[in-house]
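Reader: I would love a close look at one part of this protein, with enough of its surroundings to place it. Could you walk me through it?

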Amino acid sequence: MRVLMNKQFTILVVGFLICLLLPLNSSFADESAIPEAEIIVDGRPQKTKYLMRSGHILVPAFFLKHTGVNVNRNQQYRSVVFSFEENLYALPINKNFSDDYLGKVKKWVRFPLVTNTVEIDGDVYVPLVDLAKKFGMIVTYNPKLRRTEITTNIRSAKSSIRRGNPERKFVALTFDDGPDPHYTPQILDILKEKNVRATFFVMGKQVENYPNIMKRIFNEGHAFGNHTWNHPSFPRVMTEQIIEEINSTQTVIDRTIGRRSDLFRPPYGAITKADALLLEKMGMRTIMWTVDTLDWSGLSGDDILSIVHRDISPGGIILQHNFEPHREDARLLDGTVEALPRIIDELRAKGYRFVTIHTLLAN
Ligand SMILES: [Zn+2]
């Protein structure tokens, strides 16, 4: 026992020494060792990892999306590119300068940075204050609250829609992530039997794989919206990839049923200020929800039903799923199918009328 303890202690000490010897910007650095903090952007706290280098704070490039700035990668120049309107700032990895395109004078100019842009475990960290200044943002440190605060001069997009008119007893059922061959037909059968129109937020990948089920959704009078091709989490995705996710899904829906939708639901409901502005520019309305049934976690029909009764109110949007993109073999949505006819009957008994998102928002 004692020998074992000593051995463990030796491993611990050696491990500690190795950690000290590794340079901080090494790609071997343990990601979990990078500290996290909240930075306040226009009054809203945003959690982020950060690094300190010679007294300067560095944040992951993606963090800048919370300020409204677009973030992309340029493989050719091994740089991260930040842009807003006509200005563009490219920060090459492992360099202490940026190449800036100044839209007003249509010129590229190289500017020094306080410290190098570094890459750790695939994340690129950039000097926050230098970059924020380029966009005319104000960064201050509040010593009393010990937090960094950023004031951007970038407007926010129209807010995401979380509900319809609270004066009317309408409710919208929404089903995400499909179509799929197992759950979607069962849900469509119930909706048909109950004469209810719902809204399906479909994934492009699933529409491509199951075009006939997409056609059935459309032919039976349901509404549909775009839910990306691959279901990525937007706060960690480059702007160009988001555009690709949305456009490819629009295209496959159009190819399948000859229609497009202006409704969009972000995967996990996660969206940054930059993504919201992008969606607005693309003419999409971002639809969230009022009632989260948590059905994807494998809840029973009874559990789902009690959540619906607890959280429903006039104008409500109910979030459910008809496919589980990450654990599709686990059959986690049996509760969804079980709860559905009862949700319809019991809410109708309370005086609710079931409508699509389009009807909900038009009233
Ligand atoms: Zn989803």
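Reader: To set the scene, how many Å separate the centres of domain 1 and domain 2? Then please take me along helix α9: which of its residues are buried, and what do they pack against?

Author: Happy to. This is a predicted model, in which local features need pLDDT of at least 70 and side-chain atom pairs count only at pLDDT 80 or more, while totals for chains, interfaces and linings use all residues. Residues are numbered from 1 along each chain as its sequence is written.

The centres of the two domains, taken over C-alpha atoms, are 35 Å apart. Domain 1 spans 25-151 and domain 2 spans 170-362, with bounds that come from an automatic or database domain assignment. Where they meet, ten residues of domain 1 are in contact with ten of domain 2; contact means that the C-beta atoms, placed from the backbone, lie within 7 Å. On the domain 1 side, three of these residues are nonpolar, five polar and two charged. In that scheme Ala, Val, Leu, Ile, Met, Phe, Trp, Tyr, Cys and Pro are nonpolar, Asp, Glu, Lys and Arg are charged, and the others, Gly among them, are polar.

The protein has ten helices and 21 strands, which are DSSP runs numbered from the N terminus (helices are H or I with at least four residues, strands are E with at least two). Of its 363 residues, 39% count as buried. A residue is buried if 20 or more other C-beta atoms, placed from the backbone, lie within 10 Å of its own, exposed if 12 or fewer, and partly exposed in between.

Now to your helix. α9 covers residues 334-349, 16 in number, and reaches 24 Å from its first C-alpha to its last, close to the 22 Å expected; that expectation is 1.5 Å times one less than the number of residues. Along the way there is a kink of about 35 degrees at L340, shortly before the proline P341. The bend is the angle between axes fitted to the seven residues ending at a position and the seven starting there.

L340 is also one of the buried residues of α9, together with G335, T336, A339, I343, I344 and L347. Their packing partners are β14 (170-176), α3 (183-194), α8 (301-311), β20 (316-321) and β21 (353-354). Just after the helix, G351 takes a positive phi of about 95 degrees.

Two of those partners, β14 and α3, are joined by a loop that holds P179, and the peptide bond from G178 to P179 is cis, with omega near 0 degrees. On the other side of α3, N195 lies in the loop that leads to β15 (199-202). N195 has a positive phi near 55 degrees although it is not a glycine, and it is exposed, with 9 other C-beta atoms within 10 Å.

As for records, an unreviewed UniProt entry annotates residues 169-355 as "domain: NodB homology"; positions there follow the numbering used here, feature names are shortened, and annotations may be inferred rather than shown by experiment. That span is 44% helix and 16% strand, and its end C-alpha atoms lie 10 Å apart.

Key: Contact = placed C-beta atoms within 7 Å.
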